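Good morning, colleagues. I should like to take you through one structure today, beginning with its charged pairs and then turning to its interior and its helices.

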Amino acid sequence: MPLINLRTSLASVDDADGLLQQLSSLLAEQTGKSEAYVMTLLETGVPMTFAGSPEPCAYVEVKSIGALRPPAMTAAFCDLISARTGVPTNRIYIGFDDVPASCWGWNGSTFG
């Protein structure tokens, strides 16, 4: 049930599938949850500004049923995303959402 959604103003990302696989592995590691439940999304070419500038930037959403550690996760995801995309870490925002199990659906039911 962990989810990471990366939106960026970049028109494209080299080896997008590879980046998604790295994000999946890192999210499983960071949450201690099975990668079998991790979902990753990548949206490129999103019209965005950061600090009033259209220079490359990114917004990341991380959702999970518990197991969120924002300080450690922010460092890990910013480092990976910056290394893979060239977006500076000071132009990446990350939002964390701890979702109740009763509000997360999968396979015809919810987790709680």
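I begin with R7, which forms a salt bridge with E61, the closest N and O atoms lying 3.3 Å apart. By salt bridge I mean a side-chain nitrogen of Lys or Arg within 4 Å of a carboxyl oxygen of Asp or Glu. R7 lies in strand β1 and E61 in strand β3, so this pair ties together parts that are 54 residues apart in sequence. Helices (H or I, at least four residues) and strands (E, at least two) are DSSP runs, numbered from the N terminus.

Before going further, a word on the source. This is a predicted model, in which local features need pLDDT of at least 70 and side-chain atom pairs count only at pLDDT 80 or more, while totals for chains, interfaces and linings use all residues. Residues are numbered from 1 along each chain as its sequence is written, and side-chain values use heavy atoms, with hydrogens and water left out.

To return to the charged groups: is E61 buried or exposed? E61 is buried, with a relative accessible area of 19%. The cut-offs are under 20% relative accessible area for buried, over 50% for exposed, and partly exposed in between, with a 1.4 Å probe and protein chains only. R7, at 23% relative accessibility, counts as partly exposed.

R7 has another partner. E43 forms a salt bridge with R7, and here the closest N and O atoms are 3.1 Å apart. E43 lies in strand β2, residues 39–43, and R7 in strand β1, so the pair ties together parts that are 36 residues apart in sequence. E43 is partly exposed, with a relative accessible area of 32%. R7, E43 and E61 are thus linked in a network of salt bridges. As general background, side chains of opposite charge can pair when their charged atoms come close.

In total, the count by this rule comes to four salt bridges. One of them joins the side chains of R84 and D15, at 3.7 Å from N to O. This pair links distant parts of the chain, with R84 in helix α2 and D15 in the loop between β1 and α1, 69 residues apart. R84 counts as partly exposed at 23% relative accessibility, whereas D15 is exposed at 53%. D15 deserves a second look for its backbone: its phi is near 50 degrees, a positive value in a residue other than glycine. N107 is also not a glycine, and has a positive phi of about 55 degrees. N107 is placed in the loop between β5 (105–106) and β6 (109–110), and counts as exposed at 64% relative accessibility. For context, most residues other than glycine have a negative phi.

Let us now move to the interior. Which residues have the most contacts inside the largest nonpolar core? They are L23, V60, V62, F77 and I92, in a core of 22 residues. The elements giving two or more residues to this core are β1 (3–8), α1 (16–31), β3 (58–64), α2 (70–85) and β4 (92–98). A nonpolar core here is a set of buried Ala, Val, Leu, Ile, Met, Phe, Trp, Tyr and Cys residues joined through side-chain atoms within 4.5 Å. A second, separate core of five residues includes M1, I65, V99 and W104.

V62 illustrates the main core. Leaving aside neighbours within four places in sequence, V62 is in contact with L3, I4, L27, L68, F77, I94, G95, F96 and D97, contact meaning heavy atoms within 4.5 Å. F96, in strand β4, is partly exposed, with a relative accessible area of 25%. With the same neighbours set aside, F96 is in contact with V62, L68, P70, M73 and T74.

Finally, the helices. The axes of α1 and α2 come within 11 Å and cross at roughly 165 degrees. These axes are lines fitted to C-alpha atoms, over the stretch in contact for helices, and angles run from 0 to 180 degrees between N-to-C directions. The two helices are therefore roughly antiparallel to each other, a description used for angles over 145 degrees. Among the residues making the contact are L23 and L27 of α1, and F77 and R84 of α2.

I close with S24, found in helix α1. S24 counts as buried at 9% relative accessibility, and beyond its neighbours within four places in sequence it is in contact with E35, V38 and T40.

Terms used:
Angles under 35 degrees count as roughly parallel, over 145 as roughly antiparallel, 65 to 115 as roughly perpendicular and the rest as oblique.
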